[in-house]
Amino acid sequence: MAEIVIQGASPAVYGQSTRPPRGDYARGGQVNTDYTCPQNYAAYTAADHDIYRRLYERQSALLPGLACDEFITALPLLGVKTQIPRFEKINDRLYRATGWEVVAVPGLIPEVPFFTLLANRKFPVTDWIRRPDEFDYVVEPDIFHDLFGHVPLLFNPVFADHMQAYGAGGLKAHALGACEQLSRLYWYTIEFGLIQQKSGLRAYGAGILSSAGELAYAVKSSVPHRIALNLLRAMRTRYKIDSYQKTYFVIDSFQQLFDMTAPDFTPLYAALQRLTELPADVQAPGDVMASAVMA
Ligand code: PHE
Ligand code: FE
């Protein structure tokens, strides 16, 4: 089997890495050309199920007052909490709710297959789980990050439509050579986005929602900047892959995110070519700071 090369800056890749991708991409020929594969359920050990159970238990206890309402409402739809769920079981509910499905992949996948799956309402979920010594932090997204972090909001119709639009937009960005810019938007919304709700500021980004440490930090700490989402600003801003974020972007609703990202990005990509990148940790002229953190 040919070596799989992860090329370019995939939005699913946590930064550009020179390390080989983690995960078994050979699988005795079971990986399809679109990178999907059967969820290797029989391969999970009792220890794997136990890690999932412990991660789920710790993280779900942290959510009240920090995670957005839509996420908290949908989380139980993942089903079993005490062991790794079977994707078919989740799909029974998810497909009926929004027409989305989760599909297993062996790990990070290149940008074009990733965008193509999203554009077809299929969300790629890495099927392996972190090792016990990685309980608090794992560099690559594993099944806990992908399922717990990303899948609950796919039950929300507006967010679900936004993810599909993002996939289609990714294919367009690829053709225009703008994947790097678009991946920053992904990072600052789908992975690390905050949302202003009636009850206060909350997280909706999967990277925050699946992190025990960053959840309270992102929502409550006085250290990071919190800026009302502005597409050009987010797409100019570099991001941190090895520490908590220095800057978070805040939306008012998923409808606002959907509407804001609906127009053709071609002129935005052209404008971005003439603008300098911004470091992750600065305030820039024109930034609208999101309202102060509420107690
Ligand atoms: N509307 C964007 C475009 O035309 C695509 C997109 C949709 C990007 C949703 C992000 C989120 O390129
Ligand atoms: Fe992710």
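User: Are histidine 145 and glutamate 191 buried or exposed?

Analyst: Both histidine 145 and glutamate 191 are buried in this predicted model. Buried means under 20% relative accessible area, exposed means over 50%, and partly exposed is in between (1.4 Å probe, protein chains only).

User: What do I need to know about the model and the numbering?

Analyst: This is a predicted model, where local features need pLDDT of at least 70, side-chain atom pairs count only at pLDDT 80 or more, and totals for chains, interfaces and linings use all residues. Residues are numbered from 1 along each chain as its sequence is written, chains are lettered from A and ligands numbered from 1 in the order in which they are written, and side-chain values use heavy atoms, with hydrogens and water left out.

User: Ok, which residues are the protein donors of the iron ion?

Analyst: For the iron ion (ligand 2), the protein donors are His145 (NE2), His150 (NE2) and Glu191 (OE), at 1.9 to 2.1 Å from it. Donors are N, O and S atoms within 2.8 Å of the metal (3.2 Å for Na, K and Ca); water is not among the atoms, so sites may look incomplete. Their spacing in sequence is H-x4-H-x40-E. Histidine 145 sits in helix H5 (residues 143-150) and glutamate 191 in helix H7 (residues 179-191), so this pair, 46 residues apart, links distant parts of the chain. Helices here are DSSP runs (H or I, at least four residues), as are strands (E, at least two), numbered from the N terminus.

User: And how many residues of H7 are buried?

Analyst: In H7, 11 of its 13 residues are buried. Among them are Cys179, Leu182, Trp187 and Glu191.

User: New topic: what surrounds ligand 1?

Analyst: The shell is His162, Ala165, Tyr166, Gly169, Lys172, Leu182, Thr261, Ala262, Pro263, Asp264 and Phe265. To be near, a residue needs a heavy atom within 4 Å of the molecule or strand. Helix H6 (residues 157-176) gives the most, with five residues.

User: Which backbone atoms come up there?

Analyst: A nitrogen atom of ligand 1 is 2.6 Å from a polar backbone atom of threonine 261. A backbone N or O atom of proline 263 is 2.8 Å from a nitrogen atom of ligand 1, and for alanine 262 that distance is 3.3 Å. A polar contact is a pair of N or O atoms within 3.5 Å; within protein, one must be able to donate a hydrogen and the other to accept it, and residues adjacent in sequence count only if both atoms are side-chain atoms.

User: Where does threonine 261 lie?

Analyst: Threonine 261 is in helix H11 (residues 254-261). With 17% relative accessibility, threonine 261 counts as buried. Its side chain also reaches the backbone oxygen of leucine 257, at 2.7 Å. Leaving out residues up to four places away in sequence, threonine 261 touches His162, Leu185 and Leu231, where contact means heavy atoms within 4.5 Å.

User: Anything odd in the backbone?

Analyst: Tyrosine 35 has a positive phi of about 75°, although it is not a glycine. Most residues other than glycine have a negative phi. Tyrosine 35 lies in the segment before H1 and is buried, at 14% relative accessible area.

User: Which other residue does that?

Analyst: Arginine 121 has a positive phi of about 55° and is not a glycine either. You'll find arginine 121 in the loop between helix H4 (111-119) and strand S2 (122-126), and arginine 121 is buried, at 16%.
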